[in-house]
Amino acid sequence: MDDVCERSYERLTPADLEEIAAVALRTLAAIFDRAPVAGLYRDRVLLIVLAQGSALHYLNGVNGLKDIDVWAFFAGGLAKPFPHRKRWCVDFGPSRFGRHPADLGYRGRRLDLMGRSIAIAAGESPQESVRRWLASKNRSAIELSKKPMFSLFPQALFGERLN
């Protein structure tokens, strides 16, 4: 397979999702260490999910993988929300998925990590909290809810489809 291609049509497997989760967790740990507001959410992770086009590709194998989209959801309630307009981009590294031609300096596909702090109700599970947020009128929630989402973390929820 050519290493550089717009979209990879290689299927994502559960083992790939485990590697995506590991990259996302390492990236979050680094973010928590260097970004003071994000660091407030270190112990407030509800769910980390595969989302957008990469989740659609995991589901159908037809969409193709342009980049890897990961969202992290955190328990809200702090004075400052998690930096929700920020997108952190990291290199997934060499893999059978190749590299997008526009991602100069990357050895593999770009992994985009976004986060959002959301309200949680008493007794509500992380999945219920995220599903409730996805049903809200929030513009990001509306867009995210148009494509499937699959849980990457915590391990007990790994692979579960959220919507």
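**Exercise 1. Strand β4 and its partners**

How many bridges join strand β3 (residues 87–91) to β4, and do these strands run parallel or antiparallel? Work out as well how β4 pairs with β2, and whether β4 is buried or exposed.

*Solution.* Keep in mind that this is a predicted model.

Step 1. Start with β3: 5 bridges join this strand to β4, and the two run antiparallel. To find the pairing in the picture, look for R87, which stands opposite M114 in β4.

Step 2. Now turn to β2, which is joined to β4 by 8 bridges, with the two strands running parallel. Here I68 has L111 in β4 as its bridge partner.

Step 3. Next, check the two faces of β4. On one side R110, D112, M114, R116 and I118 are buried, and on the other side L111, L113, G115 and S117 are buried too. Since 9 of the 9 residues of β4 are buried, the strand is largely enclosed by the rest of the structure.

**Exercise 2. The buried side of a helix**

Which residues of helix α4 (residues 126–134) are buried, and what do they pack against?

*Solution.*

Step 1. List the buried residues of α4: Q127, S129, V130, W133 and L134.

Step 2. Ask where they sit around the axis. Their arc is only 160°, so they lie on the same side of α4. A general point helps here: an α-helix has 3.6 residues a turn, so residues three or four places apart point the same way.

Step 3. Look at what this side meets. The buried residues of α4 pack against β1 (45–50), β2 (68–75), β4 (110–118) and α5 (139–144).

**Exercise 3. Cysteines without a bond**

How many disulfides does a search of the whole structure find, and why is C89 not bonded to C5?

*Solution.*

Step 1. The search finds 0 disulfides. C5 is in none, and its nearest cysteine sulfur is that of C89, 18 Å away.

Step 2. Compare that distance with the cut-off: the sulfur atoms of a disulfide must be within 2.5 Å. The sulfur of C89 has its closest cysteine sulfur in C5, and 18 Å is too far for a bond.

Step 3. Add the surroundings: C5 is buried, at 16% relative accessible area, while C89 is partly exposed, at 30%.

**Exercise 4. The whole chain**

How many helices and strands does the chain have, and how does its radius of gyration fit a compact globule?

*Solution.*

Step 1. Count the elements: 5 helices and 5 strands. From the N terminus, they follow the order α-α-β-α-β-β-β-α-α-β.

Step 2. For 163 residues, a compact globule would have a radius of gyration near 15 Å; the chain has 15 Å, so the two agree.

Note on methods
Residues numbered from 1 in each chain as written. Predicted model: local features only at pLDDT ≥ 70, side-chain atom pairs only at ≥ 80, totals over all residues. Heavy atoms only, no water. Buried < 20%, exposed > 50% of the residue type's maximum accessible area, 1.4 Å probe, protein only. Helix = DSSP H or I, 4+ residues; strand = E, 2+ residues; numbered from the N terminus. Arc of directions from axis to C-beta. Contact = heavy atoms within 4.5 Å. Rg over C-alpha atoms; globule rule 2.2 N^0.38 Å. Pairing = 2+ DSSP bridges.
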